[in-house]
Amino acid sequence: RPAQTPATLALSAPDGWRAERTADGFAVTPPADLAPGLYRLPLQIDGKPGFTDQPIAYPHIGRTQLLAPQAISILALDLALPANTRIGYVGGGSDRVGFWLGAMGLDVTELDDAALAGDLSGFTSIVVGTFAFGQRPALLAITARLRDWVEAGGHLLTLYHRPGDGWDPQTTPPRPIRIGSPSLRWRVTNPAADVAILPTSSSLLTTPNAIGPEDWAGWDKERGLYFAAEWDPSYEPLLATSDAGEAPLNGSLISAKIGKGRHTHTSLVLHHQLDKLVPGAFRLLANLVQPA
């Protein structure tokens, strides 16, 4: 086609859907009786499938191209949100958990360095993203204040960290937690590995979403890595999982009531599952950010 002639972009929508072109994308309207599930609406260019084209060049293979079909993915799921929740999210630049919390419909504020130095009392829950203690010096500087905030009634959720990510077992978490190393010993690589819910007094696996076997289905890449290896007696392990032929590991999700608040730490790769639109990851995360 002549270079000046614009291409016609469209989405191939299932029956009952509407996909209309807008100035900056598409407006997609699903049917009112949409069933839970993952839906893909392929992109079409001039009536043909649309692809991205990524050049690849290496000495051992020469020059080639990687063509990837393009589509909009839409997840419909049965998701209950915790009430009266105001979340502060501290990102380390390696996940999009803050984005997904907002997409879920929760009240979330991304905390920059100035906000971390300010008053945190208005938040019911604070989520620390993957690697953030190692990437955010302003966060590492307020660990004592975070501990006080938890004691006063806040719920701190810390996501997957490696031992070298600014994590001091004695001073970073509100109570001691040692992250297992090497990762090969403290991980579950099979994304379909069995997950057992352990007896616990915590509501994190029941409220507002009852977590069951279906929530562990369809995971991508792995269950988690750098599980907690040792923890203060105040923490309860909530899950047990392992690769085939290995002893169960109980450090993928632990939680403790601390003062009037709570600290929960997980090494499950929730951030990756959110990007892959795995329904169970959204349901579990909604539970984990509930007020203490």
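In helix H7, the residues Gly280, Ala281, Phe282, Arg283, Leu284, Leu285, Ala286, Asn287 and Leu288 are buried, where buried denotes under 20% relative accessible area, exposed over 50%, and partly exposed the range in between (1.4 Å probe, protein chains only). Nine of the ten residues of H7 are thus covered. Helices (H or I, at least four residues) and strands (E, at least two) are DSSP runs, numbered from the N terminus. The model is a predicted one, in which local features need pLDDT of at least 70 and side-chain atom pairs count only at pLDDT 80 or more, while totals for chains, interfaces and linings use all residues. Residues are numbered from 1 along each chain as its sequence is written, and side-chain values use heavy atoms, with hydrogens and water left out.

The cover over the buried residues of H7 includes strand E8 (71-76), H1, strand E12 (155-158), strand E20 (253-258), strand E21 (261-266) and H6. Contact here is defined as heavy atoms within 4.5 Å.

H7 also enters the largest nonpolar core, which has 31 residues. A nonpolar core is a set of buried Ala, Val, Leu, Ile, Met, Phe, Trp, Tyr and Cys residues joined through side-chain atoms within 4.5 Å. Val97, Leu101, Val127, Leu284, Leu285 and Val289 have the most contacts inside this core. E9, H1, H6 and H7 each supply at least two of its residues, and the largest share, six residues, comes from H7. Leu101 offers a detailed view: leaving aside neighbours within four places in sequence, Leu101 is in contact with Ile87, Leu106, Val108, Val127, Leu285 and Val289. Apart from this core lies another, of 29 residues, among them Leu120, Ala132, Leu225 and Ile254.

The aromatic side chains come next. Rings of Phe, Tyr and Trp (its six-membered ring) pair if their centres lie within 6.5 Å; planes under 30 degrees apart count as stacked, over 60 as edge-to-face and the rest as tilted. By this rule the structure has seven aromatic pairs. The ring centres of Trp17 and Tyr39 are 5.2 Å apart and the planes stand at 50 degrees, so this pair is tilted. Trp17 lies in the loop between strand E1 (9-11) and strand E2 (18-22), whereas Tyr39 lies in strand E4, so the pair links distant parts of the chain, 22 residues apart. Trp17 is buried, at a relative accessible area of 10%. A second pair, Trp100 with Phe282, is edge-to-face, with 5.5 Å centre to centre and 85 degrees between the planes. This pair joins helix H1, which holds Trp100, to helix H7, which holds Phe282, across 182 residues. Both Trp100 and Phe282 are buried. Ring pairs link Phe99, Trp100 and Phe282 into a cluster.

Rings also take part in arrangements with charged groups. A charge sits over a ring if NZ of Lys or CZ of Arg is within 6 Å of the ring centre and within 35 degrees of the ring normal. Arg21 lies over the face of Phe26, 5.1 Å from the ring centre. The charged end of Arg162 sits over the ring of Phe131, at 4.0 Å from its centre.

Side chains of opposite charge can pair when their charged atoms come close. The structure holds eight salt bridges, a salt bridge being a side-chain nitrogen of Lys or Arg within 4 Å of a carboxyl oxygen of Asp or Glu. One of them returns to H7: the side chains of Arg283 and Asp215 meet at 2.6 Å, N to O. Arg283 lies in helix H7 (residues 279-288) and Asp215 in the loop between strand E15 (195-197) and strand E16 (224-225), so the pair ties together parts that are 68 residues apart in sequence. Arg283 counts as buried at 12% relative accessibility, and Asp215 counts as buried at 3%.

Arg96 and Asp275 form another salt bridge, at 3.3 Å, N to O. Arg96 lies in the loop between strand E9 (86-90) and helix H1 (97-103) and Asp275 in helix H6 (residues 270-275), so the pair ties together parts that are 179 residues apart in sequence. Arg96 is partly exposed at 42% relative accessibility, and Asp275 is partly exposed at 37%. In a further salt bridge, the side chains of Glu20 and Arg18 meet at 3.6 Å, N to O; Glu20 is partly exposed at 44% and Arg18 is partly exposed at 48%.
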